[in-house]
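Open the model in your viewer and keep the sequence panel beside it. We will go from one selection to the next, pausing at each to see what is there.

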Amino acid sequence: MNVKKSIQNNWKNLLFGALYFLWGAFFLVYKTVNIPKSSILDKFRLLLNLVVLAALLFLILLDWIKDWQKGYYSKILFSGIFLAIAFIVKGHGDGWLSLVMFVFLLASASINFNYILSAFLGFSGLVMMGSFFLSSRGVNILRNFISVRVGNGAIRYSLGFNWVTNPAQLAFFFVVAYVVLRNKKTTYWEMLLLELVSELYNFMCKDEQFLKLNSNWV
């Protein structure tokens, strides 16, 4: 199958994956990475939510048309109820972010799960390794918070994230998503590499030499 034909057959999967990648990358940085929040960034956040929401509603509409032609009226009804709940949640949650999250769930019903996993691995890996690399190079826009565990006096720091636990949580979900995507194709070398990634974060979160290099950020 050539590239053109592959795109024609999978354009919905590709569009959803691209939307999820862009939206996920921005909000993962915005919500977890310790960067200054400017007014321009807030305006871009709203614009991104609206553009992604419009594109996702378009994909949902296409699914409804297809389901209507097949007589799946109950499916349309329940997805419509779910969409109405999403708009209700918007007023009681995190605004547009909560709404788009719900609509992503609804639109993903007809999307190949591997595209969703691939998009997540792409933006989470970039944010995780990018934050780690930039914070280790002393980039001023990334600040490192330090946490001292009471009792044994262990020092941990956040690798440029808002919280010390953020990089560990992100690494966990990255490993899980990778294993699910690869499934039985996962090799021992890949498992070893994933283990090294996890151990690297565990080591760097407690490395006193790295802490001294970045002591001016505290």
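Before we start clicking, one term: two residues are in contact, or touch, when they have heavy atoms within 4.5 Å of each other. Keep in mind too that this is a predicted model.

**Stop 1: the whole chain, colored by confidence**

The protein averages a pLDDT of 81, and 83% of the residues score at least 70. Now select residues 39-70, which form helix H2: confidence is highest here, at a mean of 91. Then jump to helix H8, residues 208-213, where confidence is lowest, at a mean of 48. Extend that selection to residues 208-218, and pLDDT stays under 50 throughout. For this stretch the model has 20 contacts beyond four places in sequence.

**Stop 2: cartoon view**

Switch to cartoon and you will find eight helices and two strands. Following the chain along its sequence, the pattern reads α-α-α-α-α-β-β-α-α-α. Of the 218 residues in the protein, 37% are buried. If you turn on the surface, its accessible area comes to about 13400 Å², with 68% belonging to carbon and sulfur atoms.

**Stop 3: Phe27 in helix H1**

Select residues 3-32 for helix H1, then pick out Phe27 within this helix. Is Phe27 buried or exposed? Phe27 has a relative accessible area of 6%, so this residue counts as buried, the cut-off being under 20%. Show the side chains around Phe27: leaving aside residues up to four places away in sequence, Phe27 touches Thr32, Arg45, Leu48, Asn49 and Leu97. Try a distance label between Phe27 and Leu48, which are 21 residues apart in sequence and 9.8 Å apart in space, C-alpha to C-alpha.

**Stop 4: the nonpolar core**

In soluble globular proteins, nonpolar side chains tend to be buried together. Here, the largest nonpolar core has 46 residues. Select Phe16, Tyr20, Trp23, Val52, Leu56 and Phe104, the residues with the most contacts inside this core. The elements that give it two or more residues are H1, H2, H3, H4, H5 (113-136) and H6. Zoom in on Tyr20: not counting residues up to four places away in sequence, Tyr20 touches Ala25, Phe104, Ile116, Ala119, Phe120 and Phe123.

**Stop 5: helix H3**

Select residues 73-90. At 1.5 Å a residue, the 18 residues of helix H3 should span 26 Å, and the end C-alpha atoms are 26 Å apart, which agrees. Which residues of H3 are buried? They are Ile76, Ser79, Leu83 and Ala86. Look down the axis of H3 and these buried residues fall within an arc of 75°, so they line one face of the helix. What covers them includes H2 and helix H4 (96-107). Rotate to the other side of H3 and you will see Leu77, Phe78 and Ile88, which are exposed.

**Stop 6: helix H6**

Finish with residues 166-182. The 17 residues of helix H6 should span 24 Å at 1.5 Å a residue, and the end C-alpha atoms are 24 Å apart, in agreement. The buried residues of H6 are Asn166, Pro167, Leu170, Ala171, Phe174 and Ala177. Viewed down the axis of H6, its buried residues fall within an arc of 135°, so they too line one face of their helix. Just after H6, click on Asn183, which takes a positive phi of about 55°.

Key:
Residues are numbered from 1 along each chain as its sequence is written. This is a predicted model: local features need pLDDT of at least 70, side-chain atom pairs count only at pLDDT 80 or more; totals for chains, interfaces and linings use all residues. Side-chain values use heavy atoms; hydrogens and water are left out. pLDDT is the predictor's confidence in each residue, from 0 to 100. Helices (H or I, at least four residues) and strands (E, at least two) are DSSP runs, numbered from the N terminus. Buried means under 20% relative accessible area, exposed over 50%, partly exposed in between (1.4 Å probe, protein chains only). Accessible areas come from the Shrake-Rupley method with a 1.4 Å probe; for residues, only the protein chains shown count as cover. The expected span of a helix is 1.5 Å times one less than its number of residues. The arc is that of the directions from the helix axis to the C-beta atoms. A nonpolar core is a set of buried Ala, Val, Leu, Ile, Met, Phe, Trp, Tyr and Cys residues joined through side-chain atoms within 4.5 Å.
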